[in-house]
Amino acid sequence: MSIKTKLSAIIFGSVSLILALNLTLNLQTTRSNLREESVNNMKMTARQIAVAVEQSSYSSNYVQQQIAQNLRLAAILASEELDPDYRNVNNQQLRSLAARLGVSNISLLVKTEDDVVVARSSDPNELGLSTKGWGYWYVAFLELFAGQRVSVKQGQTMEHFWSGPFEYSTSNPQFIEKWGYYYDSSTNYIIDPYIRSSAISDYVKIMNPDEIVRQSRDVNPELLEITGINPRTFGSSTMQADGSDSINQKLRNQPVQYGTYIFGNVEEDKSAVMTALARQEPVTLDTEARGKRVLKTFIPIQQPWADDYVISVVMDYSAISTVIRDELINNITTSILLLILFLILSYVLAGLVTRPIQDILAKVNDVARGVFEPPLHVKSRDELGQLSHRVNAMTSNLLQHTNRLNQTLEENRAVKEHLESVINGTSDAIHTVDMEGRITSTNRAFEKLYGWSAKDVLTKTPYLVPATVQKQEDARLRELRDGVVLPPVETIRLKRDGSIVEVSVSTSIIRDEEGKPKAFVHVSRDMTERNRIEELLRRSEKLTTVGQLAAGVAHEIRNPLTTLRGFLQLQREKQLLIPLHVDLMLSELDRINMIVSEFLILAKPQAVHFQLKDVRYILQDVVSLLSSQSHLFGIEFNAHYSEAPATVHCEENQLKQVFINILKNAIEAMPSGGTIQVVQEVRDDAVVIAISDEGEGIPEDMLPKLGEPFFTNKETGTGLGLMVSQRIIQAHKGSLEIKSEYRNGTEVTITLPSADETEAG
Ligand code: ADP
Ligand code: MG
């Protein structure tokens, strides 16, 4: 994810969060506001209804007052016309009087012992009615009979008169009637004129709060129901669920005074009504009615001339939820629009903020690809500006370094090419071998020498080291690994075709920075040709030696021959065979035979054939071969041989030639005679032969040149002797050391490895 995306995601995320929060809060507020508003609305409606009902009551009161006055006048007129004793009044008389006075009917109420009953009436239905159970009406009657002013607060009280409030006709509840009751103690009865007219019914109907309720509901359709509740009878045992009551059906005591009672729950509502009255403040229920969620508010209403009552208003909750839903949809729509706006805005904004970062990134990518130009254009001075500056500085540094690096690389390549051409051009075979023994590189001479092409060795590692020298090779590699610097070794290797090649191998080790061995570099030089020349040289040297020895040999042979001749002559003259002489002659012949055969061994070129031989006998042979000759020059041999066997793996003739060369040099170094010490010892794993003379010695500056071919200071010298000897000793894995003191003598020490009997063969 890019920074830009992240940044815009952050902005977008925060805005979404804020909007979501806002939405939730808004919804919450809306809900509680709406609820409050609804409750207020219900209260208001209830109050309006209460006021309207009150007003209608006022006007109703006024009308009732007028009617009451008329009824009083009618009653006074009637009292003047009627007999003071009711028993003298008949119903017919009352009927005509009522018609004359303009009232519907006139009844006369008489006080009995414990009741007030209708004794005479123009309406036969009224006759004999008991009023004891009429509540305050009965109270008013008793007060009238007692000559008191009526104290009942309902209806209208005047002098000797009381008129009850509008009430249904006792005989026919369809009609509303208004009664007046007059008693001035001039009669023994209360005169009770009353009016029943459709006009009153219509009036009452018009002034009926039901009408007001209907109108209110027209205006507020979400108001499901408005009910005027009479707390005194509401919830009584006789009240039905719909609010009707068979007992309390008078206007004054109906549980439901006006409106309907459909959305009711009597128990719940009753307790709410009581609470509202007790606290004198509205109570709201959030409840369910007729399968709907509704809000019910019970508002207590105080009336100055009558008892308090309660208006209940039921409101459909869906009205609120609809508004909330609408609000929610509105809010969500706005939020989504805002979000889209912010998404675009945040993307643009993030783009603005991250452009420098992207520029830097692009620059860094360029640099990573090796494109250094042009530098970043720095616009701002903020952190990003500083970063750009640093990137520019870094880039220019990098450019410099890269240039330098390229230059060095070019130089290195040139050096490498040169080295490669040298390596490939050299006549020595070079190959590197890793620590697992795999050949990792070769040069051209390698293929020429061993027959393996560079490609072949990489696919298949060839065996170059023959089994016979494997041990030696392993030891060398081990020493190299241990840090020993080794001189070249003359050994043999296997070619691809299986043939053996004589080589001089110089091996060095390559290590990594930590000094851990990484590879071996082997430089092999083909020695076949050189060895051939050397062999030639050796042979020519041998011939020279033989030539030189020949004189000595002749002399050696001549002496015994002279002896033989003398003995033979003597025998011919004496014709006698003396056994002592024969023995002497045989010994002389043996000696001659020995000298000749030794000489032949030297002269005859022999196949190189290593065998296990005891050095003691070889040395003895040579010493005895040379000692007689050296006697001529006054030279003595002083030889010591070890008692232990001194077996070495050697080519006998070659060793003999070495000893002859060394001894001859010693003899030649002592023209005026002296002693030659020959000491042969067995030391550890080696056989050591030290040959020392008392000759002229070798000047110091000449010592390093010894062994160089044809280096000689003798007139008839070849300068090959030491060289050949050294080669032979090397071939025997031994060493040849020369120590010399000028004018004091020379000591040559030859060390040969003792033959391991087990590997002999
Ligand atoms: P050559 O004997 O034919 O000269 P060598 O290789 O045998 O060749 O010896 C080389 C030279 O080393 C000799 O010419 C001589 O100067 C010196 N040299 C060798 N051995 C001795 C020795 N024992 N005492 C003094 N000089 C010696
Ligand atoms: Mg010599």
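Visitor: In this predicted model, how far does a polar side-chain atom of Asp 693 lie from a nitrogen atom of ligand 1?

Guide: The model is a predicted one, and in it Asp 693 is listed among the closest residues to ligand 1, together with Thr 712, Asn 713, Lys 714 and Thr 718. A polar contact requires a pair of N or O atoms within 3.5 Å. The separation between a polar side-chain atom of Asp 693 and a nitrogen atom of ligand 1 meets that limit, with a value of 2.8 Å.

Visitor: How much of the accessible area that ligand 1 has on its own does the protein cover?

Guide: Oxygen atoms of the ligand also have polar partners: one is 2.3 Å from an N or O atom in the side chain of Asn 713, and an oxygen atom is 3.0 Å from a polar backbone atom of Leu 722. Taken on its own, ligand 1 has 530 Å² of accessible area, and the share of this covered by the protein is 93%.

Visitor: Which element gives the most residues to the shell around ligand 1?

Guide: The shell holds 20 residues, and these divide into 8 nonpolar, 9 polar and 3 charged. Two helices, α15 (652-669) and α16 (721-731), each supply at least two of the shell residues. With 4 residues, the element that gives the most is α15.

Visitor: Why is the pair of Trp 162 and Tyr 181 stacked?

Guide: A pair of aromatic rings is described by the distance of the centres and the angle of the planes. Pairing needs centres within 6.5 Å, and stacking needs planes under 30 degrees apart. For Trp 162 and Tyr 181 the centres are 5.9 Å apart and the planes meet at 20°, so the pair counts as stacked.

Visitor: Which strands hold Trp 162 and Tyr 181?

Guide: Both residues are buried, and both belong to one aromatic cluster that also includes Trp 134, Tyr 136, Trp 137, Phe 141, Trp 179 and Tyr 194. The pair links distant parts of the chain, as 19 residues separate the two positions. Trp 162 is in strand β4 (residues 161-163), and Tyr 181 is in strand β6 (residues 176-182).

Visitor: At what distance from the ring centre of Trp 452 does Arg 496 lie?

Guide: A charge sits over a ring if, for Arg, CZ is within 6 Å of the ring centre and within 35 degrees of the ring normal. Arg 290 lies over the face of Phe 263 at 5.8 Å from the ring centre. Arg 496 lies over the face of Trp 452, and its distance from that ring centre is 4.4 Å.

Notes. Residues numbered from 1 in each chain as written. Chains lettered and ligands numbered in written order. Predicted model: local features only at pLDDT ≥ 70, side-chain atom pairs only at ≥ 80, totals over all residues. Heavy atoms only, no water. Phe/Tyr/Trp six-rings, centres within 6.5 Å; stacked < 30°, edge-to-face > 60°. Buried < 20%, exposed > 50% of the residue type's maximum accessible area, 1.4 Å probe, protein only. Near = heavy atom within 4 Å. Polar contact = N/O pair within 3.5 Å; in protein donor to acceptor, adjacent residues only side chain to side chain. Areas by Shrake-Rupley, 256 points an atom, 1.4 Å probe, with all protein chains shown as cover. Nonpolar A, V, L, I, M, F, W, Y, C, P; charged D, E, K, R; others polar.
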